[in-house]
Amino acid sequence: MQDETSTSIANLIEVVENQIADQDPKKVAETLMRLRMTGYSRDEAIEYIACALMVEIYDVSHHNGQFTLSRYEANLDTLPDMPWTDEINLDIGE
């Protein structure tokens, strides 16, 4: 299970890195800059962004929904706070 979790996190980080490189969605790069300017390392900021992405993926997979850019961007806006952690149990390991 730990190997699967590590692989999943690595995959999310790769997606975030691609979003930053592609500037799509633009809010991801803006969030990275905002978090860096408030003292977070690049790696920490990327991990926070990956958490926001994971929430969107969780919602899509567990509620048979569609990816919602506005919801993803709203979650990015809350970072580094993660109010959704009380609502869902994300097993991302430590």
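Start by selecting Asn 75, which you'll find in helix 4. Is Asn 75 buried or exposed? In this predicted model, Asn 75 counts as buried because its relative accessible area is 13%, and the cut-off for buried is under 20%. Now show what surrounds the residue: setting aside neighbours within four places in sequence, Asn 75 is in contact with Ala 52, Val 55 and Trp 84.

Next, zoom out and colour the whole chain by secondary structure. You should see four helices and zero strands, so to speak an α-α-α-α run when you read from the N terminus. Of the 94 residues in the chain, 30% are buried. Take the contacts with a separation of 6 or more: 60% of them link residues 24 or more positions apart.

Now for the core. Select Val 16, Val 28, Ile 49, Tyr 72, Leu 76 and Leu 79, the residues with the most contacts inside the largest nonpolar core, which has 19 residues. Helix 1 (2-22), helix 2, helix 3 and helix 4 each put in at least two residues. Which helix supplies the largest share of this core? That's helix 3, with nine residues.

Keep Tyr 72 selected and show what touches this side of the chain. Not counting residues up to four places away in sequence, Tyr 72 touches Gln 19, Pro 25, Val 28, Ile 49, Ala 52, Leu 53, Glu 56 and Phe 67.

One name on that list deserves its own stop: Glu 56, in helix 3. With a relative accessible area of 1%, Glu 56 is buried. Leaving out neighbours within four places in sequence, its contacts are Gln 66, Phe 67, Thr 68, Arg 71 and Tyr 72. What does the side chain of Glu 56 reach at 2.7 Å? Draw a distance line and you'll land on the backbone nitrogen of Thr 68.

So hop over to Thr 68, in the loop between helix 3 (42-62) and helix 4. Thr 68 is partly exposed, at 28% relative accessible area. Thr 68 and Glu 56 are twelve residues apart along the chain, and their C-alpha atoms are separated by 7.5 Å. While you're here, look at the side chain of Thr 68: one of its polar atoms lies 3.2 Å from the backbone oxygen of Gln 66.

Now show helix 2 (residues 26-37) together with helix 4 (residues 69-78). Their axes are 10 Å apart and the packing angle is about 5°. Because angles under 35 degrees count as roughly parallel, helix 2 is roughly parallel to helix 4. To see the contact itself, select Lys 27, Val 28, Thr 31 and Arg 34 on helix 2, plus Tyr 72, Glu 73, Leu 76 and Asp 77 on helix 4. Sorted by class, that contact has three nonpolar, one polar and four charged residues.

Last stop: the backbone. Go to the loop between helix 1 and helix 2 and pick Gln 23. Gln 23 is not a glycine, yet its phi is positive, near 55°. At 43% relative accessibility, Gln 23 is partly exposed. Pro 25 sits in the loop between helix 1 and helix 2 too, and a cis peptide bond with omega of about 0° joins Asp 24 to Pro 25. For another cis peptide bond, jump to Leu 79 and Pro 80, where omega is about 10°. Pro 80 belongs to the segment after helix 4.

Note on methods. Residues are numbered from 1 along each chain as its sequence is written. This is a predicted model: local features need pLDDT of at least 70, side-chain atom pairs count only at pLDDT 80 or more; totals for chains, interfaces and linings use all residues. Side-chain values use heavy atoms; hydrogens and water are left out. Axes are lines fitted to C-alpha atoms, for helices over the stretch in contact, and angles run from 0 to 180 degrees between N-to-C directions. Angles under 35 degrees count as roughly parallel, over 145 as roughly antiparallel, 65 to 115 as roughly perpendicular and the rest as oblique. Contact means heavy atoms within 4.5 Å. Ala, Val, Leu, Ile, Met, Phe, Trp, Tyr, Cys and Pro count as nonpolar, Asp, Glu, Lys and Arg as charged, and the others, Gly among them, as polar. Buried means under 20% relative accessible area, exposed over 50%, partly exposed in between (1.4 Å probe, protein chains only). A polar contact is a pair of N or O atoms within 3.5 Å; within protein, one must be able to donate a hydrogen and the other to accept it, and residues adjacent in sequence count only if both atoms are side-chain atoms. A nonpolar core is a set of buried Ala, Val, Leu, Ile, Met, Phe, Trp, Tyr and Cys residues joined through side-chain atoms within 4.5 Å.
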